[in-house]
Amino acid sequence: MSVAPTHARTMAITSGKGGVGKTCLTANLAWALARTGRRVLIIDADLGLANLDIVLNVSPTVTLHEVISGACALDDAIVPGPGGLHVLAAASGAADYARMTTDLRERLPELVQTLEGRYDYLLFDTGAGLSDVVLYTASLAQEVIIVATPEPTSMTDAYATIKVMATTQQRRRFSLIVNQAPDEPQALFVSNQLQSVIARFLSDGGRAPIELSYLGFVPDDPAMPRAICRRTPVMETAPASPAARAIQALAQSLETAEATPTKAFSA
Amino acid sequence: MSATPTQSDEAHLTGVLGVDLTEALRLARQAGYPDPVAQGLKGQALVERVLSILCELSSQDGLTGVANARHFRATLDRELDRAGRTQEPLALILTDIDHFKTINDTYGHPAGDQVLRVIARRLKDNLRPMDTIARYGGEEFAMILPNSAVISLPRVAERLRQCIANEPMTLPDRTTIQVTASLGLASSLPWAVLSASALVERADRHLYLAKSQGRNRVSCEPQTVPAVSTAERTALFQRSPTS
């Protein structure tokens, strides 16, 4: 009698290094997916220094922290954002949640499970670095998208992220988006280098090889910082800009890419 | 007569609990418990004592006296839950006796049984009272170590390996043999909610590695977050001739 419940694709978007435009990219990707009629929720999983609400110009009165501590219901913390996407914001400067807590560990998997039944896409915008919280939230997602720029520090941190998740979480598949690339050859260079170092250093004989699939790149585009200042997705303010067109294409390739339901560890 | 259970005691028990008291007492004596009847217990006290012995027996491995697989499962679930709440690390070590089939085939099953008993005792002697040791499979033992410092675990596992390998054991026919075992170690992770089966799977993978790398050794998961090596860093920025 009942309609078969949907099961969201859950994706953790992570970068290792901060300042690579991860949150902004996540927000715009979510916007593009929501625009096609998909039900999209971004969960701000940068629990210590959350700023997704700033980027998307939403003002939640309660956040993920109150949900996790049991002070409010899940629905109260979800607010509509631009383009029909939904946002589950976190509080910025919440030192308690910058590290792993028992509440977080126990409640987050339940929340994710509940939300998986309600959305087509759950995007976790993780914090920078490789803290317990970042690794934990990534372990709850089916797919991990690495955001890197052509800067050597970003490439190194992207590789470190893949290495840690591959060795400690047995994750075998990753996707890559190269952000702020001057042109396509430089984006492909990032992808090729990462792929070859992974093949050379992270394969351990009999086990399945680690795959890094290149999803595409977003060019370095002044429209992006302009949109951030206006606290509106670039997809809205400058839909014809190179960055917006690239993000549109990325959303399309995400839609066609096969979902890989492989969580690292289940609750 | 007064020292034996009355007919009404037994009848009452059978009716209420479905326990055959005579059979239960036989099991208790066989397992080496002091005879509750000889101790002068009767009525309610006798019933309670017999039930407590039966409970203990149902969680034990009959041959070695350590916990059985069922008790191990229940303990691991409980300890994982506790570790998750208290943020204490929890380790699981799986041990498999090397070439156990050969021991059985060469010296006979009583010898194999003796080896299992000796190893169970040695492992138990080298663990803390709060740890749980269980016979997990035919020649496999599992040890749950709650609240153990992650950094010291490889040393603990190594000590357990040595307590088996470093001292020969004497079989019932007085033959002395050298037995070794392989150990796989996995510990709970601060960033993950672990299921018991996920932890067992990881320890089992390392047990397999210890076996395939030549036996009589310990295999552990890397204890620290792996850093990017200089070689990896160099390769990352090196332009190959084709790119």
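This is a short tour of a predicted model, with stops in chain A, at a helix pair across two chains, and in chain B. Local features need pLDDT of at least 70 and side-chain atom pairs pLDDT 80 or more, while totals for chains, interfaces and linings use all residues. Residues are numbered from 1 along each chain as its sequence is written, with chains lettered from A in the order in which they are written.

Start by selecting chain A. You will find twelve helices and eight strands, taken as DSSP runs (H or I, at least four residues, for helices; E, at least two, for strands) numbered from the N terminus. Of its 267 residues, 49% are buried, that is, with 20 or more other C-beta atoms, placed from the backbone, within 10 Å of their own.

Next, select residues 152-169 of chain A, helix α8, together with residues 230-237 of chain B, helix α9. Their axes, lines fitted to C-alpha atoms over the stretch in contact, lie 10 Å apart at an angle of about 125°. That angle makes α8(A) oblique to α9(B). Show the side chains of A:Pro152, A:Met155, A:Thr156 and A:Tyr159, then B:Glu232, B:Arg233, B:Leu236 and B:Phe237: these make the contact (C-beta atoms, placed from the backbone, within 7 Å).

Now move to strand β2 of chain B, residues 132-135. B:Thr132 and B:Ala134 on one side are buried, as are B:Ile133 and B:Arg135 on the other. Add β3(B), residues 140-146, which runs antiparallel to β2(B) and is joined to it by four bridges. B:Thr132 has B:Ile144 as its bridge partner. Finish at the four residues between the two strands of this β2(B)–β3(B) hairpin.

Key
Axes are lines fitted to C-alpha atoms, for helices over the stretch in contact, and angles run from 0 to 180 degrees between N-to-C directions. Angles under 35 degrees count as roughly parallel, over 145 as roughly antiparallel, 65 to 115 as roughly perpendicular and the rest as oblique. Two residues are in contact if their C-beta atoms, placed from the backbone, lie within 7 Å. A residue is buried if 20 or more other C-beta atoms lie within 10 Å of its own, exposed if 12 or fewer, and partly exposed in between; C-beta atoms are placed from the backbone. Two strands pair if DSSP finds at least two bridges between them.
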